[in-house]
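Please open the structure in your viewer and keep the sequence panel beside it. The tour below proceeds by selections, each followed by a description of what is found there.

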Amino acid sequence: MSVYLSDSINFLSKLTPRRVWNATKVLSSFYLTKWSGRPTQWGKPFTVSFEPTTACNLRCPECPSGLRSFTRPTGNLKQDFFRKTMDEMAKELLYLIFYFQGEPYINPDFLDMVSYAKQKGIYTITSTNGHFLNEENARRTIESGLDRMIISVDGTTQEVYEQYRKSGKLDNVLQGARNVVKWKKKMKSKTPHLIFQFLVVRPNEHQIPQIYELAEEIGIDEVKLKTAQVYDYENGNPLIPTIGKYARYAKQDDGTYKVKNKLLNHCWKLWHSCVITWDGLVVPCCFDKDATHRLGDLKKESFETLWQAPAYQSFRKQLLQGRDQIDICTNCTEGCKVWA
C-alpha cells in the first residue's frame with residue numbers, strides 16, 4: 001500500500017459523525033460569511049495548534065525562538081492543563097498540531113500528551129528540528145501513536161544547513177531520522193508518516209534535488225518544500241530564493257519586494273482553526289508568534305465561551321474589512337504557499 005494512501009486512510013479513520021457534522025457547520029458558515037460579508041461562525045474548530053514549549057536549541061535567524069526575542073512569557077505546556085483542554089475540545093477536534101514556537105521534544109511531557117490525544121482518537125502531528133530523536137525518544141515516539149512527523153532538514157551538507165539552522169548539526173538530525181525509521185520498522189508501525197521539510201532559501205535552493213535523494217535513502221515517506229517567511233523583505237534579503245516559485249516575495253521594477261499574496265479579505269484559518277500558547281492564550285493563527293492578538297485565556301474561561309465571544313467576532317469582522325490593516329496578515333501565506 002502506498003504510504004500516502006496509508007496516511008490518508010489513517011486520517012479518515014478519525015472521522016466520527018459528530019466531527020463530520022461539526023466540520024460541515026464550520027465550512028458552511030465560512031462560505032456564508034464570504035457571501036454576506038458578515039462574520040458568521042457555526043461549529044467549533046476542527047484543527048488546533050498547541051504549543052509544547054517556547055524553548056529551542058537552535059538560533060534560526062527568522063524565528064522568535066531562535067532569536068530569543070519573545071515579549072510574551074516563555075515556558076512549557078503543562079500536562080494537566082493540556083488534558084483539561086482536550087477533554088473539552090476532543091469530540092469535535094479532528095487534527096491536532098503539537099507545534100507553534102520552540103522545539104516540542106524539549107518539553108519532557110510532550111510524548112505523554114501525544115498519547116493522551118491519541119486516546120481521544122485525534123490525528124496528531126508535530127514539527128521538529130530533529131536534534132532530540134535519540135534511540136529512546138524515537139522508540140517512545142512510535143509508542144505514543146504520533147500520526148505525522150515533520151523533520152526540518154534545510155540543507156544536505158553541514159555547510160549549507162547551518163547557514164539557516166544556526167547551531168544545528170545535520171548529522172544529528174539525519175541520525176535521528178534513521179532512528180525513527182528503524183523503530184517504526186521494528187515495531188511494525190505504519191505511523192508516524194515521516195516528512196522531510198525543506199525550507200527553501202537562497203543558500204540551499206541548489207540542493208533541492210539532493211533532499212529527495214537523501215529522503216529516499218533514509219526511508220522517509222515524503223518531502224515537502226516550504227517557502228520562507230522573511231521579516232525584512234522590502235529592500236531584499238539574502239534568504240529570498242532566486243527561484244521565483246519558491247519565494248513568497250516578488251521583486252518590483254524599482255528593486256523593492258512585496259508579498260505575492262493579494263491579501264483577500266477572508267481567511268479560512270479564522271473559521272476552522274486556532275492556536276493555543278503554552279500558557280493557555282488563544283490567538284488567531286501561527287503568524288501571531290508573540291501573541292499580540294489575544295482572543296481569550298483558557299485559564300479563565302472555556303473554549304466554547306471565547307470562540308463565540310466579542311473579541312473573536314470583532315477580529316473576524318476586522319479581517320473582513322481589510323486584512324492589510326492587521327499586522328500579522330501582511331506577511332501571510334494564505335493562498336501563497338508553495339509545496340512540491
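The stops that follow cover cavities, cysteines, a buried loop residue and some backbone features.

**Enclosed spaces**

The model is a predicted one. It holds three cavities of 30 Å³ or more.

Begin with the largest cavity, whose volume is about 70 Å³. Select Cys267, Lys269, Leu270, Pro284, Cys285, Phe287, Phe315, Leu319, Arg323, Ile328, Cys329 and Cys332 to display its lining. Which helices each supply at least two residues of this lining? They are helix H10 (269-272) and helix H12 (310-321). In terms of class, the lining comprises 10 nonpolar residues and two charged ones, with no polar residue.

Move next to the second largest cavity, with a volume of about 50 Å³. Its lining appears on selecting Lys44, Pro45, Glu88, Met89, Glu92, Phe303 and Glu304. Helix H4 (79-89) and helix H11 (303-307) are the elements that give two or more residues to this lining. Here the division is three nonpolar, no polar and four charged residues.

**Cysteines**

Return to the lining of the largest cavity, where Cys267, Cys285, Cys329 and Cys332 are among the residues. How many disulfides does the model contain? The count is zero. To examine one case, select Cys286 together with Cys285. The closest cysteine sulfur to that of Cys286 belongs to Cys285 and lies 5.3 Å away, which is too far for a bond; the cut-off for a disulfide is 2.5 Å. Cys286 is partly exposed, at 33% relative accessible area. Cys267, by contrast, counts as buried, with a relative accessibility of 5%.

**Gln41 and its surroundings**

Select Gln41, in the loop between helix H2 (17-36) and strand S1 (47-50). Is Gln41 buried or exposed? Its relative accessible area is 5%, so Gln41 is buried, the limit for that class being under 20%.

Display the polar contacts of the Gln41 side chain. One reaches the backbone oxygen of Trp271 at 3.4 Å. Another, at 3.3 Å, is made with the side chain of Arg316. Setting aside residues up to four places away in sequence, Gln41 touches Val26, Ser29, Leu270, Trp271, Trp307, Gln308, Gln313 and Arg316. Leu270, one of these partners of Gln41, also belongs to the lining of the largest cavity.

From Gln41, step to Ser29, which is located in helix H2. Ser29 is buried, with a relative accessible area of 0%. Beyond its neighbours within four places in sequence, Ser29 is in contact with Thr40, Gln41, Trp42 and Trp271. Trp271 is thus a neighbour to keep on display, appearing in the contacts of Gln41 and of Ser29.

**Backbone features**

Select Thr191 and Pro192 and inspect the peptide bond that joins them: it is cis, with omega near 0°. Pro192 is in the loop between helix H8 (170-186) and strand S5 (193-200).

In the loop between H8 and S5, select Lys188. Lys188 has a positive phi of about 50° although it is not a glycine. With a relative accessibility of 76%, Lys188 counts as exposed.

Finish at Ser167, in the loop between helix H7 (158-164) and H8. Ser167 likewise is not a glycine, yet its phi is positive, at about 75°. Ser167 counts as exposed, with 53% relative accessibility.

Key:
Residues are numbered from 1 along each chain as its sequence is written. This is a predicted model: local features need pLDDT of at least 70, side-chain atom pairs count only at pLDDT 80 or more; totals for chains, interfaces and linings use all residues. Side-chain values use heavy atoms; hydrogens and water are left out. On a 1 Å grid over the protein atoms alone, a cavity is a set of points where a 1.4 Å probe fits but cannot get out, and a pocket is an open set with protein on both sides within 12 Å along at least five of seven lines; lining residues have an atom within 4 Å of a point. Grid points are joined across faces, edges and corners, and a volume is the space filled by probe spheres set on the points. Helices (H or I, at least four residues) and strands (E, at least two) are DSSP runs, numbered from the N terminus. Ala, Val, Leu, Ile, Met, Phe, Trp, Tyr, Cys and Pro count as nonpolar, Asp, Glu, Lys and Arg as charged, and the others, Gly among them, as polar. Buried means under 20% relative accessible area, exposed over 50%, partly exposed in between (1.4 Å probe, protein chains only). A polar contact is a pair of N or O atoms within 3.5 Å; within protein, one must be able to donate a hydrogen and the other to accept it, and residues adjacent in sequence count only if both atoms are side-chain atoms. Contact means heavy atoms within 4.5 Å.
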